[in-house]
Amino acid sequence: MDFGVNPKYGDLIERAKRYAKDMLAPRAQEYDREEKFPRENFADLHREGFTALTLPEHLGGRDLYSDPASYATVLYELSNGCTNTAMLFHMQSSIIHVLSLLGTEEQAVRYARAVHDGKIFASHASENTSSLHGKMVMDTHARRAGDQYIVNGRKYFCSMAGEADYYVLWCQMEDEEDLSKSLYLFVAPADAPGFRIDREWNSFAMQGTASHSMIYEDVEVPENDIVGEGGDPIRPDVLPKFGFGYSAVYLGAGGGAYDWVVDYAKNRRLQPDNVPIATYPPISRAIGEMKIALDGALLMVQRAGWLMGTRGAAAAYGAINEAKYAAAETAAMITEKAIKIAGGPGLMRDFPLQRFHRDARAGLIMPPNTEKCLELAGKTLAEGKAGALMT
Ligand SMILES: Cc1cc2nc3c(=O)[nH]c(=O)nc-3n(C[C@H](O)[C@H](O)[C@H](O)COP(=O)(O)OP(=O)(O)OC[C@H]3O[C@@H](n4cnc5c(N)ncnc54)[C@H](O)[C@@H]3O)c2cc1C
């Protein structure tokens, strides 16, 4: 069993590490403090060809989703620099992958061209009236009117609201109740009439994601911008990819905090000992605990990715939920320990630990939340389905 990183994508991981350090980390504090969408980071990632990585090769991408373990490692590295950027990058990368997977050739070519032109795609499914924890229900509806569809409804937690160039709307056809037949993706340009943004994003975490609410009032979507067949967005080879990527993104907050605090502890000396604080036994022990937990969770994420890539998302279902649980809990634990190690500077807004800690808290909530992950991982095992443990 080898669920390590595919050498085909080794260059991407090295580049992600470099971009995180040189481009993303220096801007992360400002995006957080100013609650600003990381536009410069998206421009840089586009210039470096990163925003097209999950497109298939024949559309000018690198088909990175064919190797989810490598994809997750790229996300993890980017997130070490800026968790907000990595999360938004994952959303855009996943939805453009899904559009090319489910769309017609004409649609795939058209959307890929937009990605190569630097356009940003957002994906909006969540609604305030129901939960992704339980059975998915949509109050956002579309109805056919001639050769187009008219969409009405309200979404919340819409990352990149007011910032993306295209919104991918997860909506139900109004004349069909069963979501497995009636849920479609509608792609609409951000300047289409009928979009209204309710700027209510006011969170203590992930402040740069612009995750406002959006109201759709008679938004017109032409027939050739409805993607896939009814129910395709919740297919087992589509939906779990979003949650899988969040594991890597939020674990990256833990990785960023770990790197920062180890460097700090190696350089910080106090009188009268005048030795690096990293050498004090309680601190070296804490560093050891953090590193073991971090490596363990990253391996679980890569294992889930390896399973998904080699045996399909259904076979990886248990492992994906285990990985998301481990990643989110580990990131929360590491960022808290890092603050304790650093002492006072851990609380200061001028240093990144409090930011990593706040962002890691969102990882516990982002679907599937950690409760749901446990439930699904256990259920997979209890039902004896292909899942967590591999023989
Ligand atoms: C930073 C950030 C950005 C996001 N961006 C996007 C985006 O761009 N697009 C998008 O579509 N979504 C996005 N989301 C939204 C996300 O997908 C969730 O829908 C959102 O977090 C709402 O879920 P909730 O945590 O409020 O919990 P809810 O779903 O409202 O549930 C509330 C509580 O009830 C529990 N619960 C609910 N139903 C059940 C049940 N049947 N059984 C047991 N317990 C239950 C939940 O576990 C939770 O504890 C984003 C979320 C975050 C944090």
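Helices here are DSSP runs of at least four residues, strands are runs of at least two, and both are numbered from the N terminus. With that in hand, start the tour. The model is predicted.

**Stop 1: the loop between H7 and H8**

Select Pro 276. This residue sits in the loop between H7 and H8. Is Pro 276 buried or exposed? Neither label fits: Pro 276 is partly exposed, because 16 other C-beta atoms lie within 10 Å, and that class falls between 12 or fewer for exposed and 20 or more for buried. Now show its contacts. Leaving out residues up to four places away in sequence, Pro 276 touches Ala 265, Lys 266, Asn 267, Arg 268 and Arg 269. Add Lys 340 to the selection. Pro 276 and Lys 340 are 64 residues apart in sequence, and their C-alpha atoms are 16 Å apart in space.

Stay in the loop and pick Pro 272. Pro 272 also belongs to the loop between helix H7 (240-267) and H8. Pro 272 is exposed, because it has 4 other C-beta atoms within 10 Å. Draw a line from Pro 272 to Thr 330. The C-alpha to C-alpha distance is 34 Å, with the two positions 58 residues apart in sequence.

**Stop 2: helix H8**

Select residues 281-311, which form helix H8. The 31 residues should span 45 Å at 1.5 Å a residue, and the end C-alpha atoms are 44 Å apart, so the two values agree. Step on to Gly 312. Just after H8, Gly 312 has a positive phi of about 95°.

**Stop 3: H3 against H8**

Show H3 together with H8. Their axes are 7 Å apart and the helices pack at an angle of about 145°. On the H3 side, select Pro 68, Ala 69, Tyr 71, Ala 72, Thr 73 and Tyr 76. On the H8 side, select Leu 298, Val 301, Gln 302, Gly 305, Trp 306, Met 308 and Gly 309. Colour this contact by class. There are nine nonpolar and four polar residues, and no charged ones.

**Stop 4: H3 against H4**

Keep H3 (residues 68-81) and add helix H4 (residues 83-102). The two axes come within 6 Å and cross at roughly 150°. Leu 75, Leu 78 and Ser 79 of H3 meet Thr 83, Thr 85, Ala 86, Phe 89 and His 90 of H4. By class, this contact holds four nonpolar residues, four polar and no charged.

**Stop 5: the core**

Now select the largest nonpolar core, which has 126 residues. Which residues touch the most other members? They are Phe 186, Val 261, Val 301, Ala 304 and Ala 327. Helix H9 (residues 313-342) gives the most to this core, with 17 residues. Centre on Ala 327. Not counting residues up to four places away in sequence, Ala 327 touches Ser 247, Ala 248, Tyr 250, Leu 251, Ala 297, Val 301 and Gly 363.

**Stop 6: Glu 176**

Move to the loop between strand S4 (166-173) and helix H6 (179-182), and pick Glu 176. Glu 176 is partly exposed, with 13 other C-beta atoms within 10 Å. Beyond residues up to four places away in sequence, Glu 176 touches Lys 181, Ser 182 and Gly 230. Gly 230 is 54 residues from Glu 176 along the chain, with 9.7 Å between their C-alpha atoms.

**Last stop: the whole protein**

Zoom out. The protein has eleven helices and eight strands. Its C-alpha trace spans about 80 × 50 × 40 Å along the principal axes. A compact globule of 391 residues would have a radius of gyration near 21 Å, and the protein agrees, at 21 Å. Of its residues, 51% count as buried.

Key: Residues are numbered from 1 along each chain as its sequence is written. This is a predicted model: local features need pLDDT of at least 70, side-chain atom pairs count only at pLDDT 80 or more; totals for chains, interfaces and linings use all residues. A nonpolar core is a set of buried Ala, Val, Leu, Ile, Met, Phe, Trp, Tyr and Cys residues joined through C-beta atoms within 7 Å. Two residues are in contact if their C-beta atoms, placed from the backbone, lie within 7 Å. The expected span of a helix is 1.5 Å times one less than its number of residues. Axes are lines fitted to C-alpha atoms, for helices over the stretch in contact, and angles run from 0 to 180 degrees between N-to-C directions. Ala, Val, Leu, Ile, Met, Phe, Trp, Tyr, Cys and Pro count as nonpolar, Asp, Glu, Lys and Arg as charged, and the others, Gly among them, as polar. The radius of gyration is taken over C-alpha atoms; the globule rule is 2.2 Å times the number of residues to the power 0.38.
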